[in-house]
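Let's take a relaxed walk through a protein model together. Have the sequence and the 3D view open, and look for each part as it comes up.

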Amino acid sequence: MLPGEVAALVSAICYASSYILLRKGQAETKTDELDNGLFLILLISSTVLFLCFILKIFTNPSASVISGTDWKRAVGFCVLSGLVGTLFGRLALYAAIARIGATRGVIINAMAPIVTLAIAITILREKFNVSDIYGMLCLVVGMILISVERAWFPSRFIGGFFKQGVMVAILATLFQGVGHTFRKVGVDTSITAPLAGTLDTLSALVAYTLLLYMFGRFGSVIRPFLKNPNPYIVTAGFVSAAAVLSFFDACDSIPVSQVSMISSIQPVIVALLSSLLMKNLERLTWVTWMSSILVTLGVVLISV
């Protein structure tokens with residue numbers, strides 16, 4: 001097990017890298033408009049996490065996987081986190097990334113702590129402090145900058161999906177904000193990180209598969225990936241699994257607030273990787289950089 005702070009940093013880097021790989025794969029593949037690589041990534045992630053869970057049992061059979069009297073509560077909240085945050089949150093986030101790019105999609109999605117904070121204060125009865133106010137101000141300013149960027153730099157945007165992409169990214173923010181709250185409650189109880197991560201991603205995969213079958217879209221979604229799987233999206237699945245596992249691993253060692261604070265550097269990491277690896281796809285401006293910095297600062301202040 002990695003130290004908590006290191007695991008949280010690894011999680012942030014892995015999440016950011018998975019978004020970059022996903023964006024690259026989306027650009028090279030005609031992914032389904034309502035999927036954008038989600039099924040393949042969920043399939044790979046849940047498989048890897050399940051194998052890690054089984055491996056942990058066999059390598060250390062004496063270790064307790066579930067302990068305490070509230071394990072049912074923990075399992076329930078991890079499943080809810082998978083359904084709300086991982087399934088619907090990623091479904092919206094991946095669609096936003098396909099429309100406005102990885103950097104801008106992640107910047108908007110990084111505002112999920114506002115939703116989490118609102119739930120924590122109203123339902124979990126956590127205290128509201130001054131740093132939360134400054135943090136929300138930074139997040140709001142960052143959001144405003146992203147919203148007006150297209151008007152200031154119209155030549156940097158191709159296609160007419162910008163407004164639609166922003167709205168979808170905001171929807172992802174709402175889903176992941178609620179999902180993070182469920183995840184926070186789940187990891188505060190006595191279940192191991194591999195089990196928590198497996199429950200999260202596996203519940204998302206099962207629910208998504210059922211939804212695709214219900215709407216008659218299962219074949220049309222998975223057929224392109226089975227015939228010609230994109231290596232970038234496949235790699236994104238493995239990296240995403242590492243991100244989820246290291247996140248829960250970090251939560252086993254340090255408070256969730258510290259994990260969230262370290263994970264908040266994702267927008268800056270994505271912007272940096274985009275500027276180095278995807279200059280033609282992302283078309284970043286100084287507004288994008290300023291927004292990513294403000295959003296990162298805002299999340300840090302809220303997580304303090």
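What follows goes from the whole chain to helix pairs and then to single residues.

**The whole chain**

Keep in mind that this is a predicted model. What is the chain built from? It has 14 helices and zero strands. If you read along the sequence, the pattern is simply α-α-α-α-α-α-α-α-α-α-α-α-α-α. The chain has 304 residues, and buried ones make up 52% of them.

**How some helices pack**

Now let's see how a few of those helices sit against each other. Start with α1, which covers residues 4-28. One of its partners is α12, made of residues 266-277. Another is α3, whose axis comes within 10 Å of the axis of α1. And α3 (residues 71-100) also packs with α2, the helix that spans residues 38-59. Here are the three pairs side by side:

| Helix pair | Angle | Axis separation | Handedness of crossing |
|---|---|---|---|
| α1 and α12 | about 45° | 9 Å apart | right-handed |
| α1 and α3 | roughly 55° | within 10 Å | right-handed |
| α2 and α3 | about 140° | 10 Å apart | right-handed |

How should we describe these angles in words? Angles under 35 degrees count as roughly parallel, over 145 as roughly antiparallel, and 65 to 115 as roughly perpendicular, while the rest are oblique. With an angle of about 45°, α1 and α12 are therefore oblique to each other. The axes of α1 and α3 cross at roughly 55°, and that makes α1 oblique to α3. What about α2 and α3, which pack at about 140°? They are oblique to each other too, because 140° falls outside the ranges with other names.

**Residues on the inside**

Next, zoom in on some single residues. The rule to remember is that buried means under 20% relative accessible area. Find L49 in helix α2. Is L49 buried or exposed? Its relative accessible area is 0%, so it is buried. Now look for L245: the C-alpha atoms of L49 and L245 are separated by 7.0 Å, although the two residues are 196 residues apart along the chain.

V106 is another one to find, in helix α4 (residues 102-109). It has a relative accessible area of 3%, so it counts as buried. Its C-alpha atom is separated by 9.6 Å from that of Y94, and these two residues are twelve residues apart along the chain.

Then there's N36, in the loop between α1 and α2. N36 has a positive phi of about 60°, although it is not a glycine. Is this loop residue buried or exposed? At 4% relative accessibility, N36 counts as buried.

**A patch on the surface**

Finally, let's go to the outside. Which residues make a nonpolar surface patch? They are V130, I133, Y134 and L137, and the patch is about 400 Å². Take I133 as an example: you'll find it in helix α6, which runs over residues 130-152. Partly exposed means between the buried limit of 20% and the exposed limit of 50%. I133 has a relative accessible area of 39%, so it is partly exposed.

Terms used: Residues are numbered from 1 along each chain as its sequence is written. This is a predicted model: local features need pLDDT of at least 70, side-chain atom pairs count only at pLDDT 80 or more; totals for chains, interfaces and linings use all residues. Side-chain values use heavy atoms; hydrogens and water are left out. Patches are made of residues with over 30% relative accessible area and no salt bridge: like charges are joined within 9 Å, nonpolar side chains (Val, Leu, Ile, Met, Phe, Trp, Tyr) within 5 Å. Accessible areas come from the Shrake-Rupley method with a 1.4 Å probe; for residues, only the protein chains shown count as cover. A salt bridge is a side-chain nitrogen of Lys or Arg within 4 Å of a carboxyl oxygen of Asp or Glu. Helices (H or I, at least four residues) and strands (E, at least two) are DSSP runs, numbered from the N terminus. Buried means under 20% relative accessible area, exposed over 50%, partly exposed in between (1.4 Å probe, protein chains only). Axes are lines fitted to C-alpha atoms, for helices over the stretch in contact, and angles run from 0 to 180 degrees between N-to-C directions. A crossing is left-handed if the near helix is turned anticlockwise from the far one by less than a right angle, and right-handed if clockwise.
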